[in-house]
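Here are my notes on the model, point by point. Please read them with the structure open.

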Amino acid sequence: MPVSRALFDEVMVPNYNPSAFIPVKGKGSRVWDQDDREYVDFAGGIAVNCLGHCHPAMVDALTEQGNKIWHLANVMTNEPALRLAKKLTQATFAERVYFANSGAEANEAALKLARRWALEEHGVEKQQIIAFQKGFHGRTFFTVTVGGQAAYSDGFGPKPGAIEHVEYNDLSSLEAVISDQTCAVMIEPLQGEGGVVPGEKEFLAGVRNLCDKHNALLIFDEVQTGFGRTGTLYAYEQSGVTPDILTSAKALGGGFPIGAMLTTSAIAAHLKPGTHGSTYGGNPLACAVSEAVMDVVNTPEVLNGVKQREQMFREKLQAINAKYDVFSEVRGQGLLLGAALNDKFKGKSREFLLASAEHGLMVLIAGADVVRFTPSLVIPQEDIEEGLQRFEKAVAQVVASHG
């Protein structure tokens, strides 16, 4: 059966608008489409493909587990899930892990746990959840309402209640709203979808202090920042702040769907049998792949390599900007970087994305004003150089079209 981009419009729900080309094969940080045209991948499936495409450790883990057992209901447990959970607790502040299939599901579990903890520990009045404008926490109705972009949650009827939004990197904004009725504050240590905006250290420390003062749980959404993306296994390690609950997904499976919620034993105790669950959460295939990813990522070689690659990106993007004057700044951490467009090119990030594809490069955007880069954490130096050469051609094309 012939497959083309036109088939998407015929058979798929129109909630996406995918690119004209269809990738069919990937190896490392290179991807080939149906016409065997090659692309350098700076998108990484939106910070997911942390080891690139078809990494041997992942292929081996999937093949080995695929020949053992694929799925078990949660009336049983399985070896890959337990091994992975042990490695996650050994490497983080957490003592307990809950597995899901995605970041949204991990965040849904975190929010439900926070509400249940508050109800049982403090009573029915303690239910307020505070999150941040321009934040993004997933697409379930609860998580999209907690996310600070109303355009994503409007138009679906009455929203879950007792949710407030305040300004990111503005402690006084949080201070004005938080109270003893607050059960949790949910925050990304670096906002991804919201424009690749890092949380300032003093601000994150202040959020932690306000949570402590009002007996509220601090939830770090590390779906995009986690699993080596910023140069440590999780970004909280660089912030000087330890959350009560942490969520992880995207790079956690390197491309295989998996999510996780990490927390302490005392907080976890409030999700008693029957309070929450997931058919596929803790799936043996997903956990086996994730364990293989963790064994590669959580090493000094890879984590230090992320910081070295960040410097390469920054230096070369600054050189491009010196020539074409399109960015106001390059911000972010590790290999979650955003080139913010200056006033002349505001609102035109999609033009840079489309021009990049024309020149054989896959990039992302984070809103209308930011070009986002989330490549493989082990992307070779020659692929960074080649990709940025292609990006420079794309920038030149966009600049010329507005000349």
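Contact here means heavy atoms within 4.5 Å. Keep in mind that this is a predicted model.

1. **Thr145.** By that contact rule, Thr145 touches Ser153, Lys159, Pro160, Ile163 and His165, leaving aside residues up to four places away in sequence. Thr145 sits in helix H6, residues 141-146. Is Thr145 buried or exposed? Its relative accessibility is 6%, and the cut-off for buried is under 20%, so Thr145 counts as buried. Look also at its side chain: a polar atom there lies 2.6 Å from the backbone oxygen of Phe141.

2. **Ser248.** Strand E11 covers residues 245-248, and Ser248 lies in it. The relative accessible area of Ser248 is 0%, so this residue is buried. Which side chain does the side chain of Ser248 meet in a polar contact? The partner is the side chain of Tyr234, at 2.8 Å. Tyr234 also appears among the residues that Ser248 touches. The others are Ala106, Glu222, Val223, Phe227, Gly259 and Ala260, again not counting residues up to four places away in sequence.

3. **Ala106.** This residue belongs to helix H5, residues 103-122. Ala106 is buried, with a relative accessible area of 0%. Beyond four places in sequence, Ala106 touches Ala100, Thr247, Ser248, Gly259, Ala260 and Met261. Gly259 and Ala260 are also touched by Ser248. For a long-range check, take Ala106 and Ile384, which are 278 residues apart along the chain. Their C-alpha atoms are separated by 32 Å.

4. **H13 and H15.** Helix H13 spans residues 300-324 and helix H15 spans residues 381-401. They pack at an angle of about 25°, with axes 10 Å apart. Angles under 35 degrees count as roughly parallel, so H13 and H15 are roughly parallel to each other. Their crossing is right-handed. From H13, the contact uses Arg309, Met312, Phe313, Lys316, Leu317, Ile320, Lys323 and Tyr324. From H15, it uses Gln381, Ile384, Glu385, Leu388, Phe391, Glu392, Val395, Ala396 and Val399. By class, that gives eleven nonpolar, one polar and five charged residues.

5. **H3 and H12.** How do H3 and H12 run, roughly parallel or roughly antiparallel? The axes of helix H3 (residues 56-66) and helix H12 (residues 284-297) come within 9 Å and cross at roughly 150°. Angles over 145 degrees count as roughly antiparallel, so H3 and H12 are roughly antiparallel to each other. The crossing of H3 and H12 is right-handed. Ala57, Met58, Ala61, Leu62, Gln65 and Gly66 of H3 meet Pro284, Leu285, Ala288, Val289, Ala292, Val293 and Val296 of H12. This contact has eleven nonpolar, two polar and no charged residues.

6. **H4 and H12.** H12 has another partner to inspect, helix H4 (residues 79-91). The axes of H4 and H12 come within 8 Å and cross at roughly 35°. Here the crossing is left-handed. H4 contributes Pro80, Ala81, Arg83, Leu84, Lys87, Leu88 and Ala91. H12 contributes Pro284, Cys287, Ala288, Ser290, Glu291, Met294 and Asp295. Nine of these residues are nonpolar, one is polar and four are charged. Pro284 and Ala288 also meet H3.

7. **H14.** Which residues of helix H14 (residues 349-358) are buried? They are Ser349, Phe352, Leu353, Ala355, Ser356 and Ala357. The buried residues pack against H15 and several strands: E3 (38-41), E14 (336-341), E15 (361-362), E16 (364-365) and E17 (370-373). Just after H14, Gly360 takes a positive phi of about 80°.

8. **Positive phi outside glycine.** Check Asp36 and Lys250. Asp36 has a phi near 65°. Asp36 lies in the loop between strand E2 (30-33) and E3. With a relative accessible area of 53%, Asp36 is exposed. Phi of Lys250 is near 40°. The loop between E11 and strand E12 (259-263) holds Lys250. Lys250 is partly exposed, at a relative accessible area of 22%.

Conventions:
Residues are numbered from 1 along each chain as its sequence is written. This is a predicted model: local features need pLDDT of at least 70, side-chain atom pairs count only at pLDDT 80 or more; totals for chains, interfaces and linings use all residues. Side-chain values use heavy atoms; hydrogens and water are left out. Helices (H or I, at least four residues) and strands (E, at least two) are DSSP runs, numbered from the N terminus. Buried means under 20% relative accessible area, exposed over 50%, partly exposed in between (1.4 Å probe, protein chains only). A polar contact is a pair of N or O atoms within 3.5 Å; within protein, one must be able to donate a hydrogen and the other to accept it, and residues adjacent in sequence count only if both atoms are side-chain atoms. Axes are lines fitted to C-alpha atoms, for helices over the stretch in contact, and angles run from 0 to 180 degrees between N-to-C directions. Angles under 35 degrees count as roughly parallel, over 145 as roughly antiparallel, 65 to 115 as roughly perpendicular and the rest as oblique. A crossing is left-handed if the near helix is turned anticlockwise from the far one by less than a right angle, and right-handed if clockwise. Ala, Val, Leu, Ile, Met, Phe, Trp, Tyr, Cys and Pro count as nonpolar, Asp, Glu, Lys and Arg as charged, and the others, Gly among them, as polar.
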